[in-house]
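What follows is a walk through one structure, from the single chain to the pair of chains and then to the DNA. Please keep the sequence and the 3D view open while reading.

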2 protein chains.
Amino acid sequence: MSTDIELGAETRIPLTRERVLRTAVDLADQGGIEALSMRKLAQALDVVPMALYRHVANKEELLNGLIDVVVDEIDPPLEGADWKTAVRARILSARQALLRHPWASRVMESRTVPTPTVLAYMDSMIGMFRAGGFSIDLTHHAMHTMGSRLMGFAQELFNDSGDADQEMEAEFYEAMAAMYPSIYELYLTVVHDDSTTVGPGCDDQFEFEFALDLVLDGLEKLKDRHA
Amino acid sequence: MSTDIELGAETRIPLTRERVLRTAVDLADQGGIEALSMRKLAQALDVVPMALYRHVANKEELLNGLIDVVVDEIDPPLEGADWKTAVRARILSARQALLRHPWASRVMESRTVPTPTVLAYMDSMIGMFRAGGFSIDLTHHAMHTMGSRLMGFAQELFNDSGDADQEMEAEFYEAMAAMYPSIYELYLTVVHDDSTTVGPGCDDQFEFEFALDLVLDGLEKLKDRHA
DNA sequence: GAGACTACGTGTACGGCGTACACTTGTCAA
DNA sequence: TTGACAAGTGTACGCCGTACACGTAGTCTC
């Protein structure tokens with residue numbers, strides 16, 4: 001028994017920056033970014049809070065590390081594909097990473113300077129446009145146009161996902177009918193589509209790709225016009 | 001003297017929700033959202049922290065109030081204009097509001113449920129598309145496509161603005177030349193444009209309108225195709 | 001071995017935060 | 001005059017990030 005405990009204590013895996021970051025990502029994934037404190041993180045690692053500071057400079061730096069973890073999950077560019085296919089695939093991969101870690105976009109926005117990892121991602125993105133024949137100027141415009149889509153999220157204003165039980169939600173929208181008629185009208189069609197065979201109502205994935213393709217098509221037309 | 005002080009004390013304007021919100025906006029404008037605490041806000045209002053709780057339920061509700069203040073600064077829809085002109089003008093007005101209060105977009109993103117004020121804004125926006133002849137489905141797509149642009153910001157990844165002295169910035173980019181060649185290449189043309197007569201290098205306003213017009217043109221083509 | 005050096009985890013403490021709860025104070029109707 | 005009600009106060013609690021001084025165990029040199 002006591003041997004087991006001692007063994008357990010002795011075999012305790014040492015703290016590393018990577019282990020700290022991984023645990024922090026887990027905590028944020030489970031409880032949201034506001035549930036991630038240095039103290040809770042330390043507790044999850046079975047360590048005293050100050051121990052973390054041997055591996056990350058401070059909480060700011062920890063958050064930067066979290067962003068890097070997420071960005072590292074984005075697939076590298078497709079080899080041998082045309083620019084549009086490659087950009088599209090990469091952005092959809094970024095979106096998947098962001099969907100896995102819903103807190104990440106907000107953390108990214110709160111940073112003032114990009115980390116080297118983020119810079120490398122952007123650099124590679126720029127390179128993909130350039131390799132596809134975009135002029136520097138048009139690449140510049142394209143990067144701005146992509147905006148947050150570049151990082152794989154598109155500011156879903158409604159955040160349909162999750163906890164709200166369907167009935168409450170229906171009630172909520174019903175109550176809005178008089179006050180916000182346009183929202184209600186739109187909601188009705190979404191619900192209708194949902195209850196028939198057409199599809200899952202508001203398909204976030206589809207909406208994202210719809211917007212993405214619109215922008216990409218527009219950029220392509222511009223590119224060809226100036227080629 | 002003492003009369004003055006007493007008079008000052010007696011004439012002290014009473015706390016109101018509106019005064020609390022206005023002061024909070026000022027604080028956030030000056031020091032960033034992280035400089036806004038209930039305690040500092042109370043201090044700025046020359047009042048004890050707990051006094052605020054007579055006028056806002058808690059900090060969450062205060063933040064919701066701040067968003068409403070910003071959204072209320074957005075101009076109402078243009079009367080008698082075509083949908084595209086009207087949407088364009090409204091979104092640019094939203095952008096101006098967001099530029100006046102740079103903390104606002106991050107606060108908006110941190111909210112889980114939209115306030116009635118935000119809902120009313122979205123409702124009115126939907127109504128503008130509908131009045132312009134968009135089908136419900138296309139309106140639905142359009143709202144998703146606009147994404148964060150709807151609220152007037154477009155996730156400027158680089159946040160050029162401000163404090164960095166030009167020299168440091170140049171040095172910074174120079175140092176990146178080897179590591180991030182594409183960023184560097186882009187930076188060079190921006191700097192070049194800047195030092196000649198072409199314009200102010202990276203004109204955020206232009207970039208924003210470029211992206212906005214691209215999306216709007218794409219939507220218009222879709223609309224006409226299905227009309 | 002002995003002692004020093006190093007890397008890593010600990011313990012204590014401080015100031016700031018949001019806010020619960022019980023209190024005084026000022027105002028006005030009856 | 002009273003007494004009810006609204007508005008501001010004071011105290012206190014538990015959370016946060018983190019500075020700083022302290023152990024403690026492993027490694028390297030003599």
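**From one chain to the assembly**

Read along its sequence, chain A runs α-α-α-α-α-α-α-α-α-α-α. That amounts to 11 helices and zero strands. The model is a predicted one. Of the 227 residues in chain A, 30% count as buried. Among the contacts in chain A between residues at least 6 apart in sequence, 63% join residues at least 24 apart.

One buried position can serve as an example. Met128(A) sits in helix α7 of chain A. It counts as buried because it has 21 C-beta neighbours inside 10 Å, the threshold for that class being 20 or more. Leaving aside residues up to four places away in sequence, Met128(A) touches Pro77(A), Trp83(A), Ala86(A) and Val87(A). Arg106(A) is another matter: 22 residues separate Met128(A) and Arg106(A) along the chain, and their C-alpha atoms are 26 Å apart.

Asp46(A) gives a contrast. This residue lies in the loop between α3 and α4 (59-72) of chain A. It is exposed, with 9 other C-beta atoms within 10 Å. Asp46(A) also has a positive phi of about 60°, although it is not a glycine. In chain B, Asp46(B) is likewise found in the loop between α3 and α4. Asp46(B) has a positive phi of about 60° and is not a glycine. With 11 other C-beta atoms within 10 Å, Asp46(B) is exposed.

Helix packing inside a chain can be followed in chain B. Helix α2 (residues 17-31) and helix α4 (residues 59-72) of chain B pack at an angle of about 85°, and their axes are 10 Å apart. The angle makes α2(B) roughly perpendicular to α4(B). From α2(B), the contact uses Leu21(B), Ala24(B), Val25(B) and Ala28(B), and from α4(B) it uses Leu62(B), Gly65(B), Leu66(B) and Val69(B). By class, the residues of this contact divide into seven nonpolar, one polar and no charged. The spacing of such residues follows from helix geometry. An α-helix has 3.6 residues a turn, so residues three or four places apart point the same way.

Next, the relation between the two protein chains. Two copies of a chain are related by a rotation about an axis and a shift along it. Here, a turn of 180° and a shift of 0.0 Å along the axis lay chain A on chain B with an RMSD of 0.1 Å. This is the relation of a two-fold axis.

How many residues of each chain are in contact with the other chain? In chain A, 38 residues are in contact with 38 residues of chain B. On the side of chain A that touches chain B, α6 (104-110), α7 (116-131), α8 (136-146), α10 (181-195) and α11 (204-226) each supply at least two residues. That side has 15 nonpolar, 15 polar and eight charged residues. Of the interface residues of chain A, 100% are also interface residues in chain B, so the copies meet through the same surface.

One helix pair shows part of this interface. The axes of α8(A) and helix α11 (residues 204-226) of chain B come within 9 Å and cross at roughly 75°. The two helices, α8(A) and α11(B), are therefore roughly perpendicular to each other. In the contact, His141(A), His144(A) and Thr145(A) of α8(A) meet Glu207(B), Phe210(B), Ala211(B) and Leu214(B) of α11(B). These residues comprise three nonpolar, three polar and one charged.

Helix α8 can also be examined in the other chain. In helix α8 (residues 136-146) of chain B, eight of the 11 residues are buried, so this helix is largely enclosed by the rest of the structure. Among the buried residues of α8(B) are His140(B), His141(B), His144(B) and Thr145(B). Just after α8(B), Gly147(B) takes a positive phi of about 55°.

Finally, the DNA. Around DNA strand D there are 15 residues, of which Ser37(A), Met38(A), Asn58(A), Val48(B) and Met50(B) come nearest. Helix α3 (residues 38-44) of chain A gives the most to this surface, with three residues. The surface near DNA strand D divides into nine nonpolar, two polar and four charged residues.

Which residues come nearest to DNA strand C? Of the 15 around that strand, they are Val48(A), Met50(A), Ser37(B), Met38(B) and Asn58(B). Helix α3 (residues 38-44) of chain B provides the largest share of the surface near DNA strand C, three residues. By class, that surface has nine nonpolar, two polar and four charged residues.

Note on methods: Residues are numbered from 1 along each chain as its sequence is written. Chains are lettered from A and ligands numbered from 1 in the order in which they are written. This is a predicted model: local features need pLDDT of at least 70, side-chain atom pairs count only at pLDDT 80 or more; totals for chains, interfaces and linings use all residues. A residue is near a molecule or strand if its C-beta atom, placed from the backbone, lies within 6 Å of it. Helices (H or I, at least four residues) and strands (E, at least two) are DSSP runs, numbered from the N terminus. Ala, Val, Leu, Ile, Met, Phe, Trp, Tyr, Cys and Pro count as nonpolar, Asp, Glu, Lys and Arg as charged, and the others, Gly among them, as polar. Copies are superposed by least squares on the C-alpha atoms of residues with pLDDT of at least 70 in both. Two residues are in contact if their C-beta atoms, placed from the backbone, lie within 7 Å. Axes are lines fitted to C-alpha atoms, for helices over the stretch in contact, and angles run from 0 to 180 degrees between N-to-C directions. Angles under 35 degrees count as roughly parallel, over 145 as roughly antiparallel, 65 to 115 as roughly perpendicular and the rest as oblique. A residue is buried if 20 or more other C-beta atoms lie within 10 Å of its own, exposed if 12 or fewer, and partly exposed in between; C-beta atoms are placed from the backbone.
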